[in-house]
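Here's a small set of exercises for you, each with a worked solution. Keep the viewer open while you go through them.

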Amino acid sequence: GRSAHCRDTYLEWISLYCWTTFHATIMATPEWSRCQWEQISRTYSDLSNCTVLMAEALSCPWPSPALDSFFLQIHMEYFTNCTMPANSQPSQPPLGPILAMAAMPACLTPLLVALTLRKAREGVVSLGLAGDGK
Amino acid sequence: FLLLVLLIYINRFSFLQRMAPSLTSTVSYTDPTLEPVVTEHSPVRQKIIDSQFKCYERMNRDPPYRKKGLFCNRTWDGWLCWDDTPAGRVTAQNCPDYFPDFDPTERASKYCDETGNWFRHPESNRTWSNYTLCNSFTSEKLKMAFILYYMAIVGHALSITSLLISLGIFFYFKSLSCQRITLHKNLFVSYVLNSVFTIAHLIAVVPNPGLVKRDPVSCKVLQFFHQYMLGCNYFWMLCEGIYLHTLIVVAVFAEEQRLHWYYLLGWGFPLVPASIHAVARAKYFNDNCWMSVDTHLLYIVHGPITAALLVNFFFLLNIVRVLVTKLRDTHRAESNMYMKAVRATLILVPLLGIQFVIIPWRPESRLAGEIYDYIMHILMHYQGLLVATIFCFFNGEVQGALKRQWMQYKTQWGQRRREHCSTRSTSYTATSITEVPVYLYHHDSTNDQLNGKYIDDSELVALKSGETSD
């Protein structure tokens with residue numbers, strides 16, 4: 001039926017047309033640069049566009065579970081040894097050091113206040129003004 | 001919970017940032033039948049490809065679904081990555097920021113039906129994720145963001161003006177100066193600097209996505225000083241509280257304290273949390289221009305501020321307790337005067353602190369939420385104006401000094417006009433002019449002197465007649 005058409009025929013077509021170009025381009029790049037996103041992003045983008053055009057040609061939806069399985073295979077074959085591309089949003093630092101760093105000045109505050117109080121009181125006493133006043 | 005306030009504040013403005021180069025989307029995404037497909041190589045397309053790559057990497061590396069029951073498989077829907085979801089559940093995540101009118105604080109959702117398949121839109125029979133909330137409120141939010149933005153700038157400008165006027169008054173009228181006024185001056189200076197840095201940030205950094213993208217060191221330095229000044233504000237309020245406490249509770253109205261430690265606490269200590277925050281931010285969460293408020297690292301600065309507010313509040317309660325119970329019988333007149341002095345600080349500390357308390361309770365409904373935002377913005381950005389008004393313009397002493405100066409000018413003009421017509425010598429009029437303010441000061445000071453000198457009325461008169469120069 002239609003779903004089989006959009007699964008099997010679609011996968012056939014993209015393997016035949018899209019994957020072959022992709023494979024050739026990847027093999028043409030040196031091995032050390034295959035994990036660098038700046039180098040391969042254009043190739044990857046072309047692969048993705050190709051799958052879109054195939055889907056349009058076959059009147060199939062894009063994306064689809066078939067596409068997911070295709071790309072999972074691609075990633076398993078070419079990118080398993082790569083580290084993830086750098087995150088645009090930095091990840092949250094570990095909670096322990098944050099708590100320590102936040103607690104330190106927060107706890108220092110009342111200590112410093114007490115110190116200021118004591119110094120102010122000492123200052124007043126040394127000037128001989130504490131008590132009943134003049 | 002403090003993060004929520006800044007989240008509202010900054011989210012409005014980072015929202016604004018994305019609006020500044022207003023492009024229109026080339027895709028009709030609210031149409032359920034059209035898939036999100038754009039085939040030219042644009043920055044938008046590049047962002048989407050990046051997300052797609054990361055999605056499939058994540059799908060590969062995440063462990064397989066282990067729970068029992070039906071579930072929908074993890075998938076890439078063209079814009080966002082969706083994890084394995086149990087059947088019959090709606091999963092949601094934040095909207096992407098690919099398009100200018102997509103609000104990343106809104107949520108996109110996807111429904112996994114009972115049969116373990118993703119929801120298909122009835123019209124097109126294709127799997128469909130719900131992105132309608134992402135752009136439905138955008139224009140209203142944008143309008144409100146602009147209003148709040150301009151309100152903030154106006155608030156800080158007004159604060160700077162009123163604080164500079166107050167500082168001018170305090171420096172000009174030497175008769176007003178005492179240790180408490182010195183602390184006020186320092187507080188006002190810290191507020192002025194805080195407003196200056198905030199306005200610089202709002203005008204130079206927030207509407208300027210190019211600058212944020214370039215991420216120069218100067219904008220991080222600006223943020224560092226901004227955090228430092230914020231700390232100084234609250235620690236100077238704390239110094240005011242400590243001073244009053246020492247004055248009233250500890251030393252019973254004696255005036256001369258050494259102020260060195262107050263300066264250390266007010267200007268020196270806030271460097272510590274600001275520096276720790278800068279180092280931690282640079283090491284762990286080094287986003288562009290340190291604009292993001294989505295990090296717990298901000299607690300490094302806001303923790304001590306909250307501690308300072310709490311300590312201040314307890315000091316003030318203690319002062320009120322002492323004034324009411326111990327001094328009521330023995331020094332009634334003075335305790336009344338000190339009540340007036342304490343009243344100003346007592347009003348301000350809760351006002352400054354209340355924004356930290358009511359933060360967690362932002363109302364859910366749209367209208368109430370907007371009203372809440374307006375109130376929070378007024379509380380946050382008009383603080384300088386409030387402090388200047390309560391500590392300076394509403395101060396009886398200051399009003400008295402201004403009135404005397406005004407009377408002096410009036411009599412001077414009056415005398416000058418009469419000089420044109422009369423034949424009196426100028427020296428006679430000069431001496432009569434200098435005597436007038438002393439006479440007035442004499443009388444006023446017995447009624448409302450707030451300088452903290454515990455002296456008998458008769459002694460006061462004797463002293464004042466002795467010192468005619470201030």
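The exercises below go from whole chains down to single residues.

This is a predicted model, where local features need pLDDT of at least 70, side-chain atom pairs count only at pLDDT 80 or more, and totals for chains, interfaces and linings use all residues. Residues are numbered from 1 along each chain as its sequence is written, chains are lettered from A and ligands numbered from 1 in the order in which they are written, and side-chain values use heavy atoms, with hydrogens and water left out.

**Exercise 1. Sketch chain A: its elements, burial and contacts.**

Step 1: start with secondary structure, using DSSP runs numbered from the N terminus (helices are H or I, at least four residues; strands are E, at least two). Chain A has four helices and zero strands, so the order from the N terminus is α-α-α-α.

Step 2: check burial (buried is under 20% relative accessible area, exposed over 50%, partly exposed in between, with a 1.4 Å probe and protein chains only). Of the 134 residues in chain A, 40% are buried.

Step 3: look at contacts (heavy atoms within 4.5 Å). Take the contacts in chain A between residues at least 6 apart in sequence: 73% of them join residues at least 24 apart.

**Exercise 2. Decide where the predictor is confident in chain A.**

Step 1: use pLDDT, the predictor's confidence in each residue, from 0 to 100. The chain A average is 82, and 85% of the residues score at least 70.

Step 2: go element by element. Helix H3 (residues 65-78) of chain A has the highest mean, 91, and helix H4 (residues 95-126) of chain A the lowest, 81.

Step 3: find a weak spot. In residues 130-134 of chain A the pLDDT is below 50, and this stretch has nine contacts in the model beyond near neighbours in sequence.

**Exercise 3. Do the same overview for chain B, then look at two annotated spans.**

Step 1: count elements and burial. Chain B has 17 helices and six strands, and 50% of its 470 residues are buried.

Step 2: bring in the record. An unreviewed UniProt entry lists several stretches of chain B as "transmembrane region", including 300-320 and 374-394. UniProt positions are in the numbering used here, feature names are shortened, and annotations may be inferred rather than shown by experiment.

Step 3: compare with the model. Residues 300-320 of chain B are 100% helix and 0% strand, with end C-alpha atoms 31 Å apart. For residues 374-394 of chain B, the values are 90% helix, 0% strand and 25 Å.

**Exercise 4. Work out how H2(A) and H2(B) are arranged.**

Step 1: get the geometry from axes, which are lines fitted to C-alpha atoms (for helices over the stretch in contact), with angles from 0 to 180 degrees between N-to-C directions. The axes of helix H2 (residues 37-57) of chain A and helix H2 (residues 43-61) of chain B come within 10 Å and cross at roughly 95 degrees.

Step 2: classify. That makes H2(A) roughly perpendicular to H2(B), since angles under 35 degrees count as roughly parallel, over 145 as roughly antiparallel, 65 to 115 as roughly perpendicular and the rest as oblique.

Step 3: name the partners. Among them, Trp37(A), Tyr44(A) and Asn49(A) are on the H2(A) side, and Arg45(B), Phe53(B) and Tyr56(B) on the H2(B) side.

**Exercise 5. Describe the surroundings of Ser195(B).**

Step 1: place Ser195(B) in helix H5 (residues 179-205) of chain B.

Step 2: Ser195(B) counts as buried because its relative accessibility is 3%.

Step 3: leaving aside neighbours within four places in sequence, Ser195(B) contacts His156(B), Ser159(B) and Ile160(B).
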